[in-house]
Amino acid sequence: KMAEEVQLDSNLQIPGKTHGGSLSIPSSPATARNDCSIAPLTPSPSPRVEVRPRMACPFSVVVAIDFGTTSSGYAFSFMQDSEAIHMMKRWEGGDPGVANQKSPTCLLLTPDLRFHSFGFAARDFYHDLDPEEAQHWLYFDKFKMKIHSTSDLTMETELEAVNGRKVRAIEVFAHALHFFREHALKEVKDQSSSVLEGEEIRWVITVPAVWRQPAKQFMREAAYLAGLVPPDCPEQLLIALEPEAASIYCRKLRLHQVIDLSLQPITNGLDLDGTRPFDSSFRQAREQLRRSRHSRTFLVESGTGELWSELQTGDRYVVADCGGGTVDLTVHQIEQPQGTLKELYKASGGPYGAVGVDLAFEAMLCQIFGEDFIQSFKAKRPAAWVDLMIAFEARKRTASPGRANALNISLPFSFIDFYKRHRGQSVEAALRRSNMNIVKWSSQGMLRLTQEAMNELFQPTISNIVRHIEELMGKPEVRCVRFLFLVGGFAESPMLQKAVQKALGRTCRIIIPHDVGLTILKGAVLFGLDPTVVRVRRCPVTYGVGVLNRFVEGRHPRDKLLIKDGREWCTDIFDRFVSIDQSVALGEVVRRSYTPARVGQRKIIINIYCSATDDVTYISDPGVRKCGTITLDLPEPLVPPGAVGGAEGGAVVAGPERREIRATMQFGDTEIKVTAIDVMSNRSVRASIDFLSN
């Protein structure tokens, strides 16, 4: 018999006080510090709980994938040697002068939509295609941004390739993750002394902390599709938040592994020779970095690093993850002696990554050569356009505030030729006509960008980042911050460093780890080795459901009145699970009890609502939106329950005769989790939470 779907909304009644909304901690510490699956509510005889060994960690290796906007990579560590983090092998290809162990996040599909290549291989193959043929191939780069910018993300959301053809986003992400899976497994197996089974590997995928639940779920679904883990073993995959991963790694830093940008002299004998000019200390660090590149194994402290010994219990610090697509800010406090971390303020940030500088460069080209020409060139010569952006990317990395001479960017021959045919005049003439004094033409076929031009391209993005950090530092919860850690690929930019140093160098110490582009990747491995290290997180929004309450004349509006079986109910009341910016500890749970409205009902579907404020009374209030659903699949009852009456379609209060389904939600993890049991039989109920089909 087909399961009967019931759409439940305001037909819930407030549960009895016994399992009210108060957060409660599981009684046994063993269940609170388990791996990432959820502790059952009661010692349950359900086989689903028994098969998971709780005490020993069931994984023998952790593989983390840092899926970035501009570059991606993976690293891994074996549980028995968890102080050694192995970075991925240096890949084929690569840009001159860019020492990076990550690969560009670009993917190539054949004209019949099969996977062809990823990273440097995809870029180089696409570049070598005949221009006519290239128009049929699907090349994707910087596609992660789409997930952040799409407000109604679903499994059907599409991505547009450079040639304009569209493919489901989930397939593009799954191709990329599958590529990493194949490479990582081969490398892990090469280094492993024993034969590894698939279920012995714990996978970690990084996402920005500012991403909402649908985007996190999207990455999880893509990982299932890519074959990283089977959907019935969700605890084998962790979603790590990027600035949080960086923070976890920064705990391990030693003084020789960082650059201190602070302006104020440090008096406690740990000054990293602050008298040296800024640029030379950075150059020195770069040199050290290049020397360490040949070793792909990094050793991390077993405890915490020296930098940490300066921080007292209760000290606060900010991690600013400045990546390709987003800037992501997290505020943490250290809890000694165990060295765990507590989030002090909900994650903030926005789409102010290094890509903003590329977009500004594109806008500048449109200003000089005309937007219609640039769009036409992108469509007709997609590979040459990618070439031009790669040339800009390489120069962008060398831009620094004190630079006197101009930066040269070579225009592909096809650009110069295409412009002449399209417009009937030379590129040089276009530059002269545009009155852009800050961009010159050199006789070697190059655009010469003056320091002023570079400032203009960087300024909007950098100002946004600095403003975001300053606003965060001004919040009462964040005052007295002692350290600001700058991490992420864009943190390597001297332009950004100088701006942050100038704005904030006198208020706190600004620390940049040497291998700043790999900080998140290493931290993600550490998070996979111990997911309990971040003990308290902040809720990004207020979550709750719609319920029925007794109607009170004068307090409840008349349009919310529902008369049922001669009783007066008020509909649409918002039953709050957690509030925005509320502290939620790992293992803390919210419990609610629901009862099927009809005998034989096989499914309860509960709509979840969220709001960016805590000032919510009804689910119909402005700013409240439906953001997801909880589905409870009810097993056949073991004993015939008493007669059930009550609101149709939903769930009603659990009375003495009624069947009670107790749902438990966890909001303290990187993803929201739900479990449920049938109280009478103590059997586990299949519970799922979905933010993507909304």
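An open sheet of 8 strands is a good place to start in this predicted model. Reading across it, the strand order is β13-β22-β21-β15-β16-β17-β23-β27, and the pairing is mixed. At the edges sit β13 (258-260) and β27 (583-585), each of which pairs on one side only. From one strand to the next, the twist averages 25 degrees. As a reminder, strands of a sheet pair through backbone hydrogen bonds, either parallel or antiparallel.

Let's follow the sheet to the β27 edge. Here β23 (residues 534-538) and β27 pair in the antiparallel sense over 3 bridges. If you would like a residue to look for, take Val-536, whose bridge partner in β27 is Ala-585.

Right beside Val-536 in the sequence is Arg-537, and which residue does Arg-537 form a salt bridge with? The partner is Glu-244, with the closest N and O atoms 2.7 Å apart. This contact links distant parts of the chain, since Arg-537 belongs to strand β23 and Glu-244 to helix α8 (residues 242-250), 293 residues apart. Are the two partners buried or exposed? Arg-537 has 3% relative accessibility, so Arg-537 counts as buried. Glu-244 counts as buried too, because its relative accessibility is 2%.

Another salt bridge offers a useful contrast in setting. The side chains of Arg-686 and Asp-633 meet at 3.4 Å, N to O. This pair also links distant parts of the chain: Arg-686 is in strand β34 (residues 683-690) and Asp-633 is in strand β30 (residues 625-633), 53 residues apart. Arg-686 has 60% relative accessibility and therefore counts as exposed. Across the whole model, the count comes to 32 salt bridges.

Now move to strand β32 (residues 661-666). All 6 of its 6 residues are buried, so β32 is largely enclosed by the rest of the structure. In a regular strand the side chains alternate between the two faces of the sheet. In β32 both faces are covered: Ile-661, Ala-663 and Met-665 are buried on one side, and Arg-662, Thr-664 and Gln-666 are buried on the other. One of these residues, Arg-662, forms a salt bridge with Glu-660, the closest N and O atoms being 3.7 Å apart. Both Glu-660 and Arg-662 are buried.

What are the strand partners of β32? Strand β28 (residues 590-596) is joined to β32 by 5 bridges and runs antiparallel to it, with Val-590 standing opposite Met-665. Strand β33 (residues 673-678) is also antiparallel to β32, joined by 6 bridges, and there Thr-664 has Thr-675 as its bridge partner. A hairpin connects β32 to β33 through 6 residues.

Aromatic side chains give us one more way through the model, with a count of 28 aromatic pairs. Phe-67 and Phe-173 form a stacked pair, 5.3 Å centre to centre with 20 degrees between the planes. Phe-67 lies in the loop between β2 (61-66) and β3 (71-78), while Phe-173 lies in helix α6 (residues 169-191), 106 residues apart. Both of these rings belong to buried residues. Phe-76 and Phe-78, in turn, make an edge-to-face pair at 5.9 Å centre to centre and 85 degrees between the planes, and both are buried. Elsewhere, ring pairs link Phe-369, Phe-373, Phe-377, Phe-415, Phe-418 and Tyr-419 into a cluster. A last ring to look for is Trp-211, with Lys-144 over its face at 5.6 Å from the ring centre.

Note on methods:
Residues are numbered from 1 along each chain as its sequence is written. This is a predicted model: local features need pLDDT of at least 70, side-chain atom pairs count only at pLDDT 80 or more; totals for chains, interfaces and linings use all residues. Side-chain values use heavy atoms; hydrogens and water are left out. Two strands pair if DSSP finds at least two bridges between them. Helices (H or I, at least four residues) and strands (E, at least two) are DSSP runs, numbered from the N terminus. Axes are lines fitted to C-alpha atoms, for helices over the stretch in contact, and angles run from 0 to 180 degrees between N-to-C directions. A salt bridge is a side-chain nitrogen of Lys or Arg within 4 Å of a carboxyl oxygen of Asp or Glu. Buried means under 20% relative accessible area, exposed over 50%, partly exposed in between (1.4 Å probe, protein chains only). Rings of Phe, Tyr and Trp (its six-membered ring) pair if their centres lie within 6.5 Å; planes under 30 degrees apart count as stacked, over 60 as edge-to-face and the rest as tilted. A charge sits over a ring if NZ of Lys or CZ of Arg is within 6 Å of the ring centre and within 35 degrees of the ring normal.
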